[in-house]
Protein chains: 2
Amino acid sequence: MVHFEKSGGLVPAIAQDADTGQVLMLAWMNKEAYEETLRTRQACYYSRSRSKLWRKGEESGNVQEVREVYLDCDADTILLKVHQIGGAACHEGYASCFFRKVEGDKLRVIGERLFDPKQVYKK
Amino acid sequence: MVHFEKSGGLVPAIAQDADTGQVLMLAWMNKEAYEETLRTRQACYYSRSRSKLWRKGEESGNVQEVREVYLDCDADTILLKVHQIGGAACHEGYASCFFRKVEGDKLRVIGERLFDPKQVYKK
(Lines give C-alpha, C1' and ligand atoms only; values in the text may rest on other atoms or scores of the structure.)
Protein backbone atom coordinates (compact mmCIF):
# COMPACT_ATOMS: atom_id res chain seq x y z
CA MET A 1 0.00 0.00 0.00
CA VAL A 2 2.90 2.34 0.84
CA HIS A 3 5.68 2.59 -1.76
CA PHE A 4 8.63 1.92 0.51
CA GLU A 5 10.70 0.60 -2.38
CA LYS A 6 10.67 3.94 -4.21
CA SER A 7 12.94 5.58 -1.69
CA GLY A 8 15.27 2.88 -0.49
CA GLY A 9 12.92 1.35 2.03
CA LEU A 10 12.19 4.45 4.10
CA VAL A 11 9.43 7.02 3.75
CA PRO A 12 8.83 10.17 5.79
CA ALA A 13 6.10 10.07 8.42
CA ILE A 14 4.63 13.28 9.80
CA ALA A 15 3.10 13.28 13.29
CA GLN A 16 0.41 15.89 13.81
CA ASP A 17 -1.46 16.55 17.03
CA ALA A 18 -4.95 15.14 16.48
CA ASP A 19 -6.58 17.81 18.62
CA THR A 20 -4.67 21.02 17.92
CA GLY A 21 -3.37 20.35 14.40
CA GLN A 22 0.17 21.26 15.46
CA VAL A 23 2.82 19.49 13.41
CA LEU A 24 4.90 17.70 16.03
CA MET A 25 7.72 16.00 14.16
CA LEU A 26 8.86 14.15 11.11
CA ALA A 27 10.52 10.78 11.33
CA TRP A 28 11.03 7.80 9.04
CA MET A 29 9.30 4.47 8.64
CA ASN A 30 10.23 1.24 6.95
CA LYS A 31 7.61 -1.40 6.25
CA GLU A 32 8.13 -3.07 9.60
CA ALA A 33 7.71 0.20 11.54
CA TYR A 34 4.58 1.07 9.56
CA GLU A 35 3.00 -2.31 10.16
CA GLU A 36 3.82 -2.20 13.86
CA THR A 37 2.30 1.28 14.08
CA LEU A 38 -0.94 0.09 12.48
CA ARG A 39 -1.06 -3.00 14.68
CA THR A 40 -0.28 -1.39 18.03
CA ARG A 41 -1.70 2.09 17.34
CA GLN A 42 1.45 3.52 18.88
CA ALA A 43 3.92 5.32 16.64
CA CYS A 44 6.91 3.21 15.72
CA TYR A 45 9.55 4.77 13.49
CA TYR A 46 12.85 3.69 12.00
CA SER A 47 15.87 5.49 13.39
CA ARG A 48 18.28 6.32 10.58
CA SER A 49 21.08 7.14 13.03
CA ARG A 50 20.67 3.96 15.06
CA SER A 51 19.58 1.78 12.11
CA LYS A 52 16.79 0.10 14.04
CA LEU A 53 13.15 0.41 14.96
CA TRP A 54 12.40 3.31 17.25
CA ARG A 55 9.35 2.88 19.41
CA LYS A 56 8.70 6.51 20.16
CA GLY A 57 8.55 7.01 23.92
CA GLU A 58 10.20 3.71 24.83
CA GLU A 59 12.78 5.65 26.84
CA SER A 60 10.89 8.77 27.92
CA GLY A 61 7.45 7.20 28.28
CA ASN A 62 6.12 9.84 25.90
CA VAL A 63 4.46 7.50 23.44
CA GLN A 64 2.25 8.69 20.62
CA GLU A 65 -1.21 7.17 20.52
CA VAL A 66 -2.19 6.95 16.88
CA ARG A 67 -5.72 8.10 16.16
CA GLU A 68 -5.71 8.23 12.36
CA VAL A 69 -3.34 7.36 9.52
CA TYR A 70 -3.30 8.98 6.08
CA LEU A 71 -1.29 8.42 2.90
CA ASP A 72 -0.48 11.06 0.34
CA CYS A 73 -1.34 10.93 -3.35
CA ASP A 74 1.93 9.21 -4.27
CA ALA A 75 1.65 6.78 -1.34
CA ASP A 76 5.18 7.62 -0.28
CA THR A 77 4.50 9.85 2.72
CA ILE A 78 2.56 8.97 5.86
CA LEU A 79 0.60 11.34 8.07
CA LEU A 80 -0.26 10.27 11.61
CA LYS A 81 -2.77 12.09 13.75
CA VAL A 82 -1.66 11.37 17.27
CA HIS A 83 -2.20 12.07 20.91
CA GLN A 84 1.20 12.81 22.40
CA ILE A 85 1.53 11.47 25.93
CA GLY A 86 3.44 13.92 28.14
CA GLY A 87 2.70 16.80 25.77
CA ALA A 88 6.21 17.01 24.31
CA ALA A 89 7.12 15.22 21.09
CA CYS A 90 10.62 16.67 20.89
CA HIS A 91 13.56 15.16 22.72
CA GLU A 92 14.59 18.71 23.55
CA GLY A 93 11.46 19.11 25.66
CA TYR A 94 9.27 21.11 23.31
CA ALA A 95 5.76 20.20 22.25
CA SER A 96 6.90 20.20 18.63
CA CYS A 97 10.29 19.60 17.05
CA PHE A 98 9.57 22.69 14.93
CA PHE A 99 10.27 25.12 17.76
CA ARG A 100 12.61 27.32 15.74
CA LYS A 101 11.34 29.91 13.33
CA VAL A 102 13.45 31.20 10.47
CA GLU A 103 13.63 34.98 10.59
CA GLY A 104 16.02 36.43 8.05
CA ASP A 105 19.42 34.91 8.77
CA LYS A 106 18.45 33.92 12.30
CA LEU A 107 16.54 31.20 14.09
CA ARG A 108 14.23 32.30 16.86
CA VAL A 109 13.05 29.80 19.47
CA ILE A 110 9.29 29.86 19.86
CA GLY A 111 7.25 27.83 22.30
CA GLU A 112 8.18 26.84 25.81
CA ARG A 113 10.06 23.87 27.10
CA LEU A 114 7.71 21.42 28.76
CA PHE A 115 10.47 19.33 30.27
CA ASP A 116 14.20 19.44 30.84
CA PRO A 117 15.82 16.78 28.65
CA LYS A 118 18.51 16.18 31.27
CA GLN A 119 15.88 15.06 33.78
CA VAL A 120 14.06 12.78 31.36
CA TYR A 121 16.94 11.15 29.55
CA LYS A 122 19.28 10.29 32.37
CA LYS A 123 22.53 9.58 30.64
CA MET B 1 21.48 26.52 8.69
CA VAL B 2 19.71 23.48 7.20
CA HIS B 3 21.72 20.24 7.10
CA PHE B 4 21.22 19.36 3.45
CA GLU B 5 24.44 17.38 3.37
CA LYS B 6 23.20 14.83 5.91
CA SER B 7 20.71 13.32 3.51
CA GLY B 8 22.31 13.59 0.10
CA GLY B 9 21.35 17.17 -0.57
CA LEU B 10 17.59 16.88 -0.11
CA VAL B 11 15.48 17.36 3.00
CA PRO B 12 11.73 16.94 3.42
CA ALA B 13 9.59 20.06 3.53
CA ILE B 14 6.08 19.97 4.94
CA ALA B 15 3.54 22.53 3.77
CA GLN B 16 0.81 23.30 6.30
CA ASP B 17 -2.12 25.64 5.77
CA ALA B 18 -1.30 28.72 7.83
CA ASP B 19 -4.95 29.36 8.68
CA THR B 20 -6.52 25.93 9.18
CA GLY B 21 -3.49 23.89 10.26
CA GLN B 22 -4.26 21.24 7.63
CA VAL B 23 -1.16 19.43 6.43
CA LEU B 24 -1.22 19.96 2.67
CA MET B 25 1.74 18.05 1.28
CA LEU B 26 5.30 16.94 1.69
CA ALA B 27 7.91 17.66 -0.93
CA TRP B 28 11.71 17.95 -1.05
CA MET B 29 14.10 20.85 -1.04
CA ASN B 30 17.72 21.22 -1.92
CA LYS B 31 19.67 24.28 -0.84
CA GLU B 32 18.78 26.19 -3.98
CA ALA B 33 15.04 25.53 -3.57
CA TYR B 34 15.17 26.53 0.09
CA GLU B 35 16.99 29.77 -0.63
CA GLU B 36 14.62 30.65 -3.45
CA THR B 37 11.65 29.96 -1.15
CA LEU B 38 13.03 32.31 1.50
CA ARG B 39 13.84 34.98 -1.06
CA THR B 40 10.58 34.91 -3.04
CA ARG B 41 8.24 33.79 -0.23
CA GLN B 42 6.70 31.35 -2.68
CA ALA B 43 7.30 27.65 -2.16
CA CYS B 44 9.96 26.21 -4.43
CA TYR B 45 10.73 22.51 -4.12
CA TYR B 46 13.06 20.08 -5.83
CA SER B 47 11.33 17.46 -7.93
CA ARG B 48 12.99 14.09 -7.42
CA SER B 49 11.26 12.61 -10.46
CA ARG B 50 12.20 15.47 -12.80
CA SER B 51 15.54 16.24 -11.11
CA LYS B 52 15.04 19.98 -11.17
CA LEU B 53 13.57 22.86 -9.22
CA TRP B 54 9.81 22.77 -8.97
CA ARG B 55 8.19 26.14 -8.50
CA LYS B 56 4.91 24.95 -7.03
CA GLY B 57 2.05 26.32 -9.11
CA GLU B 58 4.15 27.30 -12.10
CA GLU B 59 1.85 25.17 -14.27
CA SER B 60 -1.47 25.33 -12.43
CA GLY B 61 -1.15 28.84 -11.02
CA ASN B 62 -1.74 27.39 -7.57
CA VAL B 63 1.31 28.87 -5.90
CA GLN B 64 1.94 28.67 -2.16
CA GLU B 65 2.50 31.99 -0.44
CA VAL B 66 4.90 31.31 2.40
CA ARG B 67 3.91 32.98 5.65
CA GLU B 68 6.34 31.33 8.08
CA VAL B 69 9.25 28.91 7.94
CA TYR B 70 10.35 26.57 10.75
CA LEU B 71 13.20 24.10 11.18
CA ASP B 72 13.08 21.02 13.34
CA CYS B 73 15.47 20.20 16.17
CA ASP B 74 17.88 18.36 13.89
CA ALA B 75 17.68 21.08 11.22
CA ASP B 76 16.97 18.47 8.59
CA THR B 77 13.25 19.00 8.07
CA ILE B 78 11.49 22.20 7.01
CA LEU B 79 7.96 23.26 7.89
CA LEU B 80 6.28 25.94 5.80
CA LYS B 81 3.10 27.66 6.86
CA VAL B 82 1.49 28.69 3.62
CA HIS B 83 -1.51 30.21 1.97
CA GLN B 84 -2.45 27.94 -0.91
CA ILE B 85 -3.74 29.88 -3.90
CA GLY B 86 -6.66 28.07 -5.52
CA GLY B 87 -7.35 26.07 -2.36
CA ALA B 88 -5.93 22.78 -3.66
CA ALA B 89 -2.34 21.76 -3.00
CA CYS B 90 -2.69 18.32 -4.57
CA HIS B 91 -2.29 17.75 -8.28
CA GLU B 92 -5.26 15.41 -8.02
CA GLY B 93 -7.48 18.35 -7.10
CA TYR B 94 -7.77 17.90 -3.36
CA ALA B 95 -6.99 20.55 -0.77
CA SER B 96 -4.42 18.20 0.76
CA CYS B 97 -2.37 15.39 -0.73
CA PHE B 98 -3.35 13.39 2.35
CA PHE B 99 -6.87 12.71 1.12
CA ARG B 100 -6.76 8.96 1.75
CA LYS B 101 -7.29 7.52 5.18
CA VAL B 102 -5.97 4.08 6.11
CA GLU B 103 -8.80 1.95 7.48
CA GLY B 104 -7.77 -1.63 8.09
CA ASP B 105 -6.55 -3.00 4.78
CA LYS B 106 -8.31 -0.30 2.79
CA LEU B 107 -7.83 3.31 1.79
CA ARG B 108 -10.86 5.55 2.02
CA VAL B 109 -10.94 8.83 0.13
CA ILE B 110 -11.90 11.71 2.39
CA GLY B 111 -12.38 15.31 1.38
CA GLU B 112 -13.80 16.62 -1.86
CA ARG B 113 -12.16 17.38 -5.14
CA LEU B 114 -11.86 21.12 -5.64
CA PHE B 115 -10.86 20.84 -9.26
CA ASP B 116 -10.67 18.30 -12.04
CA PRO B 117 -7.01 17.65 -12.85
CA LYS B 118 -7.87 17.10 -16.52
CA GLN B 119 -9.12 20.65 -16.79
CA VAL B 120 -6.17 22.22 -15.03
CA TYR B 121 -3.29 20.25 -16.47
CA LYS B 122 -4.13 20.20 -20.14
CA LYS B 123 -1.83 17.60 -21.59
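**Two-fold symmetry, shared sheets and buried residues in a predicted two-chain model**

Chain B falls onto chain A after a rotation of 180° with 0.0 Å of shift along the axis, leaving an RMSD of 0.0 Å (the superposition is by least squares on C-alpha atoms of residues with pLDDT of at least 70 in both copies). The two copies are thus related as by a two-fold rotation axis. Among the residues of chain B, B:G21 comes closest to that axis, with its C-alpha at 2.7 Å. The same surface serves both copies, since 100% of the contact residues of chain B recur in chain A; contact here means heavy atoms within 4.5 Å.

The model is predicted, so local features need pLDDT of at least 70 and side-chain atom pairs count only at pLDDT 80 or more, whereas totals for chains, interfaces and linings use all residues. Side-chain values use heavy atoms, without hydrogens and water, residues are numbered from 1 along each chain as its sequence is written, and chains are lettered from A and ligands numbered from 1 in the order in which they are written. Chain A averages a pLDDT of 94, and 98% of its residues score at least 70; pLDDT is the predictor's confidence in each residue, from 0 to 100. The scores for the model are ipTM 0.95 and pTM 0.96.

Turning to the sheets, strands (E, at least two residues) and helices (H or I, at least four) are DSSP runs numbered from the N terminus, and two strands pair if DSSP finds at least two bridges between them. One open sheet has six strands in the order β2(A)-β1(A)-β6(A)-β5(A)-β7(B)-β8(B), with mixed pairing. At its edges stand β2 (23-29) of chain A and β8 (106-109) of chain B, each with a single partner strand, so one side of each is left without a neighbour in the sheet. Neighbouring strands of this sheet are turned by 35° against each other on average, direction ignored (axes are lines fitted to C-alpha atoms, for helices over the stretch in contact, and angles run from 0 to 180 degrees between N-to-C directions). Within chain B, β7 (residues 100-103) and β8 pair in the antiparallel sense over four bridges, and B:R100 stands opposite B:V109 of β8(B).

A further open sheet, also of six strands and with mixed pairing, follows the order β8(A)-β7(A)-β5(B)-β6(B)-β1(B)-β2(B). Here the edges are β8 (106-109) of chain A and β2 (23-29) of chain B; each has a single partner strand, so one side of each has no neighbour in the sheet. The twist from one strand to the next averages 35°. Four bridges join β7(A) to β8(A) in antiparallel fashion, with A:R108 of β8(A) as the bridge partner of A:K101.

Chain A also contains a hairpin. Its strands β3 (residues 44-47) and β4 (residues 52-55) run antiparallel and are joined by four bridges, with A:S47 opposite A:K52. Four residues lie between the strands, and A:S51 takes a positive phi near 55°. Most residues other than glycine have a negative phi. In chain B, B:S51 has a positive phi of about 55° although it is not a glycine, and this residue is found in the loop between β3 and β4 (52-55). B:R41, likewise not a glycine, has a positive phi of about 60°. B:R41 lies in the loop between α1 (31-40) and β3 (44-47) of chain B and, at 34% relative accessibility, counts as partly exposed. Buried means under 20% relative accessible area, exposed over 50%, and partly exposed in between (1.4 Å probe, protein chains only).

Two loop residues illustrate burial. A:Y94 lies between β6 (78-84) and β7 (100-103) of chain A and is buried at 10% relative accessibility. Beyond its neighbours within four places in sequence, A:Y94 contacts several residues, including A:F99, A:V109, A:I110 and A:R113. B:N62, in the loop between β4 and β5 (64-71) of chain B, is also buried, at 10%. With neighbours within four places again set aside, the contacts of B:N62 include B:K56, B:Q84, B:I85 and B:F115.

Finally, the cysteines. With a disulfide taken as a pair of cysteine sulfur atoms within 2.5 Å, the count is zero over all chains. The sulfur of A:C44 is 16 Å from the closest cysteine sulfur, in A:C97, which is too far for a bond. A:C97 is in no disulfide either, and its nearest cysteine sulfur, that of B:C73, is 3.7 Å away. A:C44 is buried, with a relative accessible area of 1%, and A:C97 is buried at 8%.
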